Amino acid sequence: MTPTSPAADPARFVERFGSALTAAGMQRLPSRVFAALLADDDGRMTAAEIGEVLAVSPASVSGAVRSLQQLRMIHREREQGSRRDVYVVADDAWHDVMMNSANLYAPLTQALRDGVDQVGGAGTTAGDRLALSVAFLEFVTEEMQQLSERWDKRRAELGH
């Protein structure tokens, strides 16, 4: 990575952004791994490279990348002509993470929908609370789709 700004300090970014993600509720090492991949020029690193950047063992990195993959914040690719895995963050990672929330909400919404009858049905305090939760998650899912469409237009305007 060749910094183009005299103020460039990728290590500082990784620690600060990793700390911000940790404060927002993400586990510490996955936060730092995600920040390191975001800060890397091509957004691609092996477990050994991540471990070197973060001064942690590749074994520690394994659990962190597994967590990030489950959240669909990064994905794994096989390095050409090698048996090594490379972990990759998309250029538009935030879009991907936010749009994945619909996949997260679907099973929650269904469990809540099923739960309405299980807690006493519509018209009970608990049933109405769960039904309101279903309505909210359905609303958020619809809004996220519309937001994604608006972002696609905005991204095109930005030339990406």
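Hi everyone, let's start with one residue: Leu37 has a relative accessibility of 0%, so it counts as buried. Buried here means under 20% relative accessible area. Please keep in mind as we go that this is a predicted model.

Where does Leu37 sit? You'll find Leu37 in helix H2. Look also for Ile50, which is 13 residues away from Leu37 along the chain. The C-alpha atoms of Leu37 and Ile50 are 8.0 Å apart.

Now let's zoom out to the whole chain. How many helices and strands are there in the chain? There are six helices and three strands. If you trace the elements from the N terminus, the order is α-α-β-α-α-β-β-α-α. The chain has a radius of gyration of 20 Å, while the globule rule gives 15 Å for 160 residues, so the chain is more spread out than a compact globule. Along the principal axes, the C-alpha atoms fill a box of roughly 60 × 40 × 35 Å. As for burial, 30% of the 160 residues count as buried, and we have already met one of them, Leu37.

Next, let's talk about charges. Side chains of opposite charge can pair when their charged atoms come close. How many salt bridges does the structure hold? The count is seven, and I'd like to show you some of them.

Please find Glu77 and Arg44. Their side chains meet in a salt bridge, at 2.6 Å from N to O. Glu77 belongs to strand E2, residues 75-78, and Arg44 to strand E1, so this pair ties together parts that are 33 residues apart in sequence. Are these two buried or exposed? The answer lies in between: Glu77 has a relative accessibility of 29%, so it counts as partly exposed. Arg44 is partly exposed too, with a relative accessible area of 31%.

The second pair is Arg78 and Asp85. In this salt bridge the closest N and O atoms are 3.3 Å apart. Arg78 counts as exposed because its relative accessibility is 51%, and the cut-off for exposed is over 50%. Asp85, with a relative accessible area of 21%, is partly exposed.

For the third pair, move along to Arg113 and Glu138. This is also a salt bridge, and its closest N and O atoms are 2.3 Å apart. The pair links distant parts of the chain: Arg113 is in helix H5, residues 93-118, and Glu138 is in helix H6, residues 125-157, with their positions 25 residues apart in sequence. Both partners are partly exposed, Arg113 with a relative accessible area of 35% and Glu138 with 33%. Going back to Arg78 for a moment, which residues are joined with it into one network? Salt bridges that share partners connect Arg76, Arg78 and Asp85.

Let's finish with a group of like charges. On the surface, Asp41, Asp42, Glu49 and Glu52 gather in a patch of negative charge. Take Asp42 from that patch as an example. Where is the place of Asp42? Asp42 is in the loop between helix H2, residues 28-39, and strand E1, residues 44-45. At 48% relative accessibility, Asp42 counts as partly exposed.

So, to recap our tour: we began at Leu37, buried in helix H2, passed through salt bridges such as the one between Glu77 and Arg44, and ended at a negative patch that includes Asp42. Thanks for listening!

How values were computed. Residues are numbered from 1 along each chain as its sequence is written. This is a predicted model: local features need pLDDT of at least 70, side-chain atom pairs count only at pLDDT 80 or more; totals for chains, interfaces and linings use all residues. Side-chain values use heavy atoms; hydrogens and water are left out. Patches are made of residues with over 30% relative accessible area and no salt bridge: like charges are joined within 9 Å, nonpolar side chains (Val, Leu, Ile, Met, Phe, Trp, Tyr) within 5 Å. Accessible areas come from the Shrake-Rupley method with a 1.4 Å probe; for residues, only the protein chains shown count as cover. A salt bridge is a side-chain nitrogen of Lys or Arg within 4 Å of a carboxyl oxygen of Asp or Glu. Lys and Arg count as positive and Asp and Glu as negative; His and the chain ends are not counted. The place of a charge is taken as NZ of Lys, CZ of Arg, CG of Asp or CD of Glu. Helices (H or I, at least four residues) and strands (E, at least two) are DSSP runs, numbered from the N terminus. Buried means under 20% relative accessible area, exposed over 50%, partly exposed in between (1.4 Å probe, protein chains only). The radius of gyration is taken over C-alpha atoms; the globule rule is 2.2 Å times the number of residues to the power 0.38.
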